[in-house]
Amino acid sequence: QVQLQESGPGLVKPSQTLSLTCTVSGGSITTNYYYWSWIRQPPGKGLEWMGAIAYSGSTYYNPSLKSRTSISRDTSKNQFTLQLSSVTPEDTAVYYCARAPNSVVNYDYWGQGTQVTVSS
């Protein structure tokens with residue numbers, strides 16, 4: 001059973017960088033052919049795919065967020081991380097990590113999500 005767990009600060013100040021980590025257990029993030037994504041849901045809005053890192057280490061980003069987003073991984077810890085720079089209150093959301101086989105959609109496992117609020 002694959003499990004994903006998000007962690008990071010729940011409160012970030014405007015203009016700072018939001019950093020979240022997803023710790024994966026029950027499966028390796030380097031296993032062919034899985035893609036590991038970050039997805040968020042602002043209050044009252046739908047899900048927004050932010051980006052992903054593939055089993056190979058290749059990264060993919062939502063064009064609307066690409067200039068502010070970086071996804072990396074630590075294979076020794078079986079973790080992948082999200083960094084979102086220059087945050088504003090509009091980045092307040094529940095942030096999820098998720099796994100999808102063969103693509104960046106059709107997720108089969110999700111983390112429980114973590115609330116991040118951007119406020120001074």
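**View 1. Charged side chains across the predicted protein.** This predicted model carries 8 positive and 6 negative side chains, and the centres of the two sets sit 4 Å apart. Lys and Arg count as positive and Asp and Glu as negative, while His and the chain ends are left out of the count. Each charge is placed at NZ of Lys, CZ of Arg, CG of Asp or CD of Glu. Residues are numbered from 1 along each chain as its sequence is written, and side-chain values use heavy atoms, without hydrogens and water. Because the model is predicted, local features need pLDDT of at least 70 and side-chain atom pairs count only at pLDDT 80 or more, whereas totals for chains, interfaces and linings use all residues.

**View 2. The whole fold, strand by strand.** Look for helices and you'll find zero; the secondary structure comes to eleven strands. (Helices, H or I, need at least four residues and strands, E, at least two; both are DSSP runs numbered from the N terminus.) The radius of gyration is 13 Å, close to the 14 Å that the globule rule gives for 120 residues, so the protein is as compact as a globular protein of that length. That radius is taken over C-alpha atoms, and the rule is 2.2 Å times the number of residues to the power 0.38. The C-alpha atoms fill a box of roughly 40 × 25 × 25 Å along the principal axes.

**View 3. Strand S9 and its partners.** Seven of the nine residues of S9 (residues 93-101) are buried, so this strand is largely enclosed by the rest of the structure. Here, buried means under 20% relative accessible area, exposed over 50%, and partly exposed in between (1.4 Å probe, protein chains only). S9 pairs with S4 (residues 34-41) in the antiparallel sense over eight bridges; strands count as paired if DSSP finds at least two bridges between them. Zoom in on Ile-39 and you'll see that its bridge partner in S9 is Tyr-96.

**View 4. More neighbours of S9.** S9 also pairs antiparallel with S11 (residues 114-118), over three bridges. There, Val-94 has Gln-115 in S11 as its bridge partner. Two bridges join S9 to S10 (residues 109-110), again antiparallel, and Arg-99 stands opposite Tyr-109 in S10.

**View 5. Thr-17 in its loop.** Thr-17 lies in the loop between S2 (11-12) and S3 (18-25). With 42% relative accessibility, Thr-17 counts as partly exposed. Leaving aside residues up to four places away in sequence, Thr-17 touches Val-12, Gln-83, Leu-84, Ser-85 and Ser-86; contact means heavy atoms within 4.5 Å. Thr-31 is 14 residues from Thr-17 along the chain, and their C-alpha atoms are separated by 29 Å.
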